[in-house]
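Work through the exercises below with the sequence and the coordinates at hand, and attempt each task before reading its solution.

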Amino acid sequence: MDTPPLITVAELAARIRDPLSAPTVLDIRWAGPGSADGREAFQQGHIPGARFVDAMKVLSGPETDGSGGRHPLPTPESFETGMRAAGVTSDRGVVVYDDWKSIAAARAWWLLRHFGHEDVAVLDGGLGAWRSAGHAVEEGVNEGVEVGEFAATEARLHSLDAAGAADIAASGVLVDGRPANRFRGEAETVDPVAGHIPGARSLPALDLVREDGTFLPPRELKKRFKDVGVDGQGSAATYCGSGFQACHVALAAAVSGVTEDLGVYAGSWSDWITDPGRPIAT
């Protein structure tokens, strides 16, 4: 991976001033934890020139019978259409951000790389870091966005199904990125069944960033991954509740230098529990 997974506010501010190096900037705010309606928030203020991407429509496929989880992976065709509508081209860099610890931005980062984009970075600290640095935001809808020429390729990153996750849990290291209490089966408020995949190890995604949403230093991230057994040598993967925080853990692994392709069980816990025959640990 030639492009570093994170970009600082100072680096982005410098790049968008230069037409030759300006990336396509995508705003991935959504109505998830810590956020109001993403589109409304975007209209109230966003990084100048940014384009809004609806996370539920572009970064997630439609829910069916529950298999695939709450946020199934989009098809290459639907993802390509969404990215093109946002002005993404394959030969121009992309910077993604959100307003809540880069959880949604990480999903966009992972999917863009998964479907073949070579130059993608997450704005470290997101919109909060941009504002804190004193940079201006613009309001309203970004009109006149040219349709991009992004072409989705066959899947490039390691994506797992339930059977693959079970194999990794048994023979390698399967990391659970949900908050620790949900891993233990306590205070489950999202999914109808509490617990975790047997053999999985807890490494909450939100513990990999500071209070201001910036990621911990690579050395500290590497230690945290090694503490749960992820050292870049054996097989390893991650999951969460529905696949978003798993992408955040994969991003942190790339920042740490441990691995650029930590496997992601995209369906995650919300897919695992759809089969009552699958074991559950608490």
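**Exercise 1.** Does D176 count as buried or exposed, and at what relative accessibility? Then identify its salt-bridge partner and the network around the pair.

*Solution.* The model is a predicted one. Begin with the accessibility: D176 has a relative accessibility of 0%, and because the cut-off for buried is under 20%, D176 counts as buried. Next, look for the partner, which is R178, whose side chain meets that of D176 in a salt bridge at 2.7 Å, N to O. R178 also counts as buried, again at 0% relative accessibility. Finally, extend the search: D176 and R178 are linked with R70, R182, E188 and D191 in a network of salt bridges.

**Exercise 2.** Determine how the salt bridge between R224 and E220 is placed in the structure.

*Solution.* The two side chains meet at 2.9 Å, N to O, and both residues lie in helix α9, four residues apart, about one turn of the helix. An α-helix has 3.6 residues a turn, so residues three or four places apart point the same way. For the surroundings, R224 counts as partly exposed at 28% relative accessibility, and E220 counts as partly exposed at 29%.

**Exercise 3.** Find the buried residues of helix α1 and decide how they are arranged around its axis.

*Solution.* In α1, which spans residues 9-16, the buried residues are V9, L12 and A13. They cover an arc of only 100° around the axis, and therefore lie on the same side of α1. As a last step, list what they pack against: β1 (6-7), β2 (24-27), β4, β5 and α6 (126-132).

Note on methods
Residues numbered from 1 in each chain as written. Predicted model: local features only at pLDDT ≥ 70, side-chain atom pairs only at ≥ 80, totals over all residues. Heavy atoms only, no water. Buried < 20%, exposed > 50% of the residue type's maximum accessible area, 1.4 Å probe, protein only. Helix = DSSP H or I, 4+ residues; strand = E, 2+ residues; numbered from the N terminus. Arc of directions from axis to C-beta. Contact = heavy atoms within 4.5 Å. Salt bridge = Lys/Arg side-chain N within 4 Å of Asp/Glu carboxyl O.
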